[in-house]
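Good morning, and thank you for the time on today's agenda. Please have the sequence and the coordinates open while I speak.

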Amino acid sequence: MNIDDYLQRAWTLQEELLHIVNLEIRTVKSQRNVHATIHKLPVELLLYVFRLALPPPEGGHDYIRSRAALLRVCTYWTTMINDAPSLWTVVTSMCGSHHLALTLGELGRTCPLHIHCNFLSDAEFAPILGQISPHIHRWETANIVMPETEEGRQHLSSPAARLRRMYLSAPHGTESGAGANAQPFNIFNGSADWLEEVRIALTGVPWDSPILRGLRSLCLQWCKPIRASDIICILNDSPDLRTLILEETEITADMRADPSKAANMTKLQVICLTAELEGIREVFNGFKAPNCETFSLYLETAEAHDIEGFLHTSLASFFPFVRRIMLQSPKTVLDKSTQDDLYIKSGYGTENKHIVPFSLRSAQTPTHVITAFLRQVLGEDQASDLDVRLIIGRDWGTEGRFILNQVSSCCNVVDLWLGADFTVGGFDTENTLRALAEPTVLPHLQHLIIAGNGWDGDELRAILQKRYSQRNECTPQLRIRLIGRGVNATYNFVKRLEEVPMIEEAFWYQGSSHVDSEDR
């Protein structure tokens, strides 16, 4: 026997021994897993625990990732999960043949399906849609992004008897869906009796389709134009509607709604609209939402007198809700931004930080229109109860001083932000800042933020010294925060600011570092 044969036999023997050892280790682990406490539960109860631990199947990819983690725990769990059709109900555009076989097989024919498919081309959607469309009667969630083609529409033309949630969109960058000449897509042949939540983007369906009736949630984003009368019909036929979102969808004013005959939407809680004034006005005249909890409205460019009339008439039914939110919230924000938009946000301090209960944004609206709206909503007798943050992005000649006076006449400005973020641009609010030299301007001010690059440290200190030259027991102490790089400002600048009477705290953030009273 030569050396090569000897080495080959030694290598083969080593491989056989390693295989035997691995088998023994697997056997020991299997026996240990079998005796684990959780495996003493009946299979039905253990599967129930899995369903509770997994994310909701309508979440799509999150559900599949979490289930994959369970499959990797042990062989016993893998076998059990593969034999449980109720855990194979999610289909995505990335599913392989093994996944589709378990999901669409005979064993799971009674289980609902949750479809989450994002197709960017015809070649992507044809194979999968061809396999899942015969099971459309099992669909409970349909989250589909696909090009607007005749083949795709044919795959989705059958009734969806069990469907509850639908999101339909063309791929981002598609322009045909938003055009006035785009053909509406009569998805599921208009038959989905259990459908409750509808979200449509970059495409359109016939606005009189039965699938838009009896809803709990409706969201239209960048869709083909819709008439105000169609929206009112949807509201009238959806008395349980809780969420209404119309974003960048043109609303055609084709009716003169009678406010006295407005639909009373007692369950409608979330209203978010972004559109031209004329269409929005007719929609608001056609319904009432006395139990609204979240209200967001962005009025695109319109004449000042038209916006003023809308705020004081069409929104009048929402005044009690707006007043309640503004008076109950810890702080309301009034923002005169660098885009000339006026922005009112209220309801900060709620449990969900991402939800602002009241938001009103109006493009290029004169300040006096918004301040008049505030006075009408709040009432002069309640003005002193509302503490607000006022944000002024830049100066408009003398308008900055006018904003300070007008807002403080109906609200208590306790928090003032002047300038843009330092990453956006330079400080351009000097005229408004100089107005603070007068102690009578914003007498309730407690927190001042100076943001942007180029503010003058010497001028700021002189303004504050003049404002607080005489101590007043009724004047609250001021906390000041500086953002960006200023001129005439060194590391000793923060200490010099805190030497000014009534300055409680100073903080300077330059971008890569910060300076406060402890970093001297």
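I begin with a contact between two helices, in which V43, L46, L47 and F50 of α2 meet Y76, W77, M80 and I81 of α4. The residues of this contact divide into 8 nonpolar, no polar and no charged. I should say at once that what you see is a predicted model.

How are the two helices arranged? In general, a packed pair is described by the angle between the axes and the distance between them. Here, helix α2, residues 43-53, and helix α4, residues 75-82, pack at an angle of about 90 degrees. Their axes are 11 Å apart. An angle from 65 to 115 degrees counts as roughly perpendicular, and α2 and α4 are therefore roughly perpendicular to each other.

Let me place this pair in the chain as a whole. The protein chain has 16 helices and 22 strands. Of its 520 residues, 47% count as buried. Among the contacts with a separation of 6 or more, 68% are between residues 24 or more positions apart.

I turn next to helix α11, which spans residues 319-328. Which of its residues are buried? They are F319, F321, V322, I325 and M326. These residues cover an arc of only 160 degrees around the axis, which means that they lie on the same side of α11. As for what covers them, the list includes two helices, α10 (304-314) and α12 (367-378). It also includes the strands β13 (294-299), β14 (332-336), β15 (341-346) and β16 (358-363).

Two of those strands, β13 and β16, pair with each other in the parallel sense, over 5 bridges. Within that pairing, F295 stands opposite F358 in β16. Strand β13 also pairs with β11, residues 270-275, again in the parallel sense and over 6 bridges. There, T274 stands opposite Y298 in β13. As a general point for reading such pairings, side chains in a regular strand alternate between the two faces of the sheet.

My last item is a loop residue. P206 lies in the loop between β5 (197-201) and β6 (217-221). Which residues does P206 touch, leaving out those up to four places away in sequence? The answer is P184, F185, N186 and L212. In addition, P206 and D230 are 24 residues apart in sequence, while their C-alpha atoms are 10.0 Å apart in space.

That concludes my presentation, and I welcome your questions.

How values were computed
Residues are numbered from 1 along each chain as its sequence is written. This is a predicted model: local features need pLDDT of at least 70, side-chain atom pairs count only at pLDDT 80 or more; totals for chains, interfaces and linings use all residues. Side-chain values use heavy atoms; hydrogens and water are left out. Buried means under 20% relative accessible area, exposed over 50%, partly exposed in between (1.4 Å probe, protein chains only). Helices (H or I, at least four residues) and strands (E, at least two) are DSSP runs, numbered from the N terminus. The arc is that of the directions from the helix axis to the C-beta atoms. Contact means heavy atoms within 4.5 Å. Axes are lines fitted to C-alpha atoms, for helices over the stretch in contact, and angles run from 0 to 180 degrees between N-to-C directions. Angles under 35 degrees count as roughly parallel, over 145 as roughly antiparallel, 65 to 115 as roughly perpendicular and the rest as oblique. Ala, Val, Leu, Ile, Met, Phe, Trp, Tyr, Cys and Pro count as nonpolar, Asp, Glu, Lys and Arg as charged, and the others, Gly among them, as polar. Two strands pair if DSSP finds at least two bridges between them.
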